[in-house]
Amino acid sequence: MESSKVIHAFYNDDEVLMDAVKSVKAAHHHIEEVFCPFPVHGLDKAMGLAPTKLAITAFFYGITGLAFAIWMTNYMMIQDWPQDIGGKPNFSWFSNMPAFVPIMFELTVFFAAHLMVITFYMRSRIWPFKEAENPDPRTTDDHFLMEIPVHNNEAEIKALLATTGAVEINVVEK
Amino acid sequence: MYQFSGKLKKVSIAFIIIGVIGITIGFLNAPSTIEEAKEIIANQAAHGAHDTTHEEVQKETHHNEVKGTSHLHDENHDTKEGHYNAKQEAHASAAAHGKNHKNEHAAHVFHQLQNKPWSALYVSLFFFLGISLLVLAFYAIQRVAQAGWSVVLFRVMEAITANLVPTSIIMVFVVFAAVMHWNHMFPWMGEGIFDPTSPNYDPIIAGKSWWMNVPGWAIRSIAYLAIWNAYRWFIRKNSIKEDTANDGGKTYKLNYNVSVGFLFLFMISESMMSWDWIMGLDPHWFSTLFGWYVLASLLVSALTVIAFVTIFLRSKGALPAVNDSHIHDLAKFMFGFSVFWTYLWFSQFMLIWYADIPEETTYFVARFNEYKLPFLAMVVMNFVFPILLLLNSDFKSVPWFVLLGGVVILAGHYIDVFIMVMPATVGAQWSFGISEISSLLFFLGIFIYATFSAFAKANPIPKANPFLEESKHFHYYNIEHRGEGSSDHH
């Protein structure tokens, strides 16, 4: 099976990697994945990845948390078991609102943070105790790995990668 | 080098002249006798609204004071004896107030109307003086932190701090006027407040006389201004010297050390300034985080002003080294300190609301009853609007978005200062009229003149600063600089 063949190109510097990614993209080859020991700023743009939509989800998760906090404080403190808050027994949510602001703030942050992490896990298809899909343990230490699928152009890609400063080029059956 | 254009100079001078005329009209329109004040009250009664709200507040205040009496009496019988008597007296005078209400009310309104042009001048003065001061402090922080990104903005910040000199001179005049009793904005400076035999004796304020006394207040006021202006004079001179010093960073290190010293003095003098110049307007009331609160308000305004002047100068081509990332960072600060301001504003409000101690709540009662619209509008303008507008990262580097957010932030924080000062000095007699607008224009004119003439006097970039290259190449990873291809930065 030709399509399951991939080329692994190794780099030992993020600057060199960035330039390599740019020249591979310039030659119109698809980059399947880049494995890095640390986040490289600008790499997503160089690879042509679409910007993350996580920030937008975070905004809506925050709104959800805020709405939940309003509902919860109203149910607990006003409806279910009416409380005399700060010596002001008015039993209306709005008149007691200053007391609920810290709760509203905390639940906004709580929802945004936790749901954002869960969303990230689901989108990345990772979960606790999942076995790592790392092609080479060196990418967790000091090497960067670029994975390019091969479509009958193995020699061409290898020649290109050789000019980009790769320290090692392997062809792997996936 | 940037040229302070004749057109801008004319605009600033026009603002100053219009301002002076308006301020003068405001002073001439203030009543000089109690009869004139009564006439104004009669006119207001025809309109209705102001008068009634004012009396409601009066009642509420007295009611609270009586409540406070019994409360303190129960809990601190011995130690607060003096305090208790004071409250009794206030209560007694409240009763007298009822009998002789019409005349006392007229005298009260007369004093408020006399304070009005002074307060209008004072609000704008404090706003512009505070902004210049906080720009200076922010600049000192950049030096002490040895921040890389902001170096190309140093001369912009230095230029804005030039406004500290004229505003300080006017502040000295206002301080002098208060000491000479030309204005009566500070009630604790009144006749007989500290004199137990006087009918005006106020034991609460008398208990604070170790701090709140006229000589101490005047000396401190002059000292704050002297410290700030001394640092400004020094750092401006030595910053320009840095450009040509070529002494292996000796001048740079000296500037660093002096900035550290200034920041130490600034944090102390800023808090004390906010007690003396703002909190002293309501001498019975106090709040322990007031200094921080004033700081937050002025700091977010200062950053907005830096962003405005930077965007303006960049659009004139005077700052070629400033890129979208610098604007983005300034907008981030505007966003962040808007949240910080809200945090402090709410912290102060919530504790007082929750505890519900009458001595503390009077501050918010006066503001909520008589200033409801600006009080609530301020929270929207200073929090909700900047949050929603500047939350998105992409918007923070778009100049007109920053301008839109900034105009609302500046207006909101002007209202904030307005609400700090006016309820104490003019009470229900507030309005936003000739005096207020003219004072704003007057100080805006001075600001424009001082800032841009100072910017034209020095190299627009501190060309020997060791972090200059870093600042020129500053690029926040997440944004695209307009007018640049992707090849300009990796």
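Q: How many residues does each of chain B and chain A bring to the contact?
A: Eight residues come from chain B and eight residues from chain A, where two residues are in contact if their C-beta atoms, placed from the backbone, lie within 7 Å. This is a predicted model, in which local features need pLDDT of at least 70 and side-chain atom pairs pLDDT 80 or more, while totals for chains, interfaces and linings use all residues. Residues are numbered from 1 along each chain as its sequence is written, and chains are lettered from A and ligands numbered from 1 in the order written.

Q: OK, what's in chain A, and in what order do the elements run?
A: Chain A holds five helices and four strands, taken as DSSP runs (H or I of at least four residues, E of at least two) and numbered from the N terminus. Read from the N terminus on, the elements run β-α-β-α-α-α-β-α-β.

Q: And what order do the strands take in the sheet?
A: The four strands of chain A form an open sheet in the order β2-β3-β1-β4, with antiparallel pairing, a pair of strands requiring at least two DSSP bridges.

Q: Which strands stand at the edges, then?
A: Those are β2 (33-35) and β4 (168-173) of chain A, and because each has a single partner strand, one side of each is left without a neighbour in the sheet.

Q: How many bridges join β2(A) to β3(A)?
A: Three bridges join β2(A) to strand β3 (residues 144-149) of chain A, in the antiparallel sense, and within β3(A) it is Met146(A) that serves as the bridge partner of Val34(A).

Q: What are the spans of chain A overall?
A: The C-alpha trace of chain A spans about 80 × 30 × 25 Å along its principal axes, and 16% of its 174 residues count as buried, that is, with 20 or more other C-beta atoms within 10 Å of their own (12 or fewer is exposed, in between is partly exposed). Among the contacts in chain A with a separation of 6 or more, 76% come from residues 24 or more positions apart.

Q: Switching to chain B, where does Leu254(B) lie?
A: Leu254(B) is part of helix α10 (residues 250-277) of chain B.

Q: Why is Leu254(B) partly exposed?
A: Leu254(B) falls in that class because 17 other C-beta atoms lie within 10 Å. Its C-alpha atom is separated by 46 Å from that of Leu376(B), 122 residues apart along the chain.

Q: What is Met334(B) in contact with, beyond four places in sequence?
A: Setting aside neighbours within four places, the partners of Met334(B) include Val300(B), Leu303(B), Pro386(B), Leu390(B) and Ile409(B), as well as Gly405(B) and Gly406(B).
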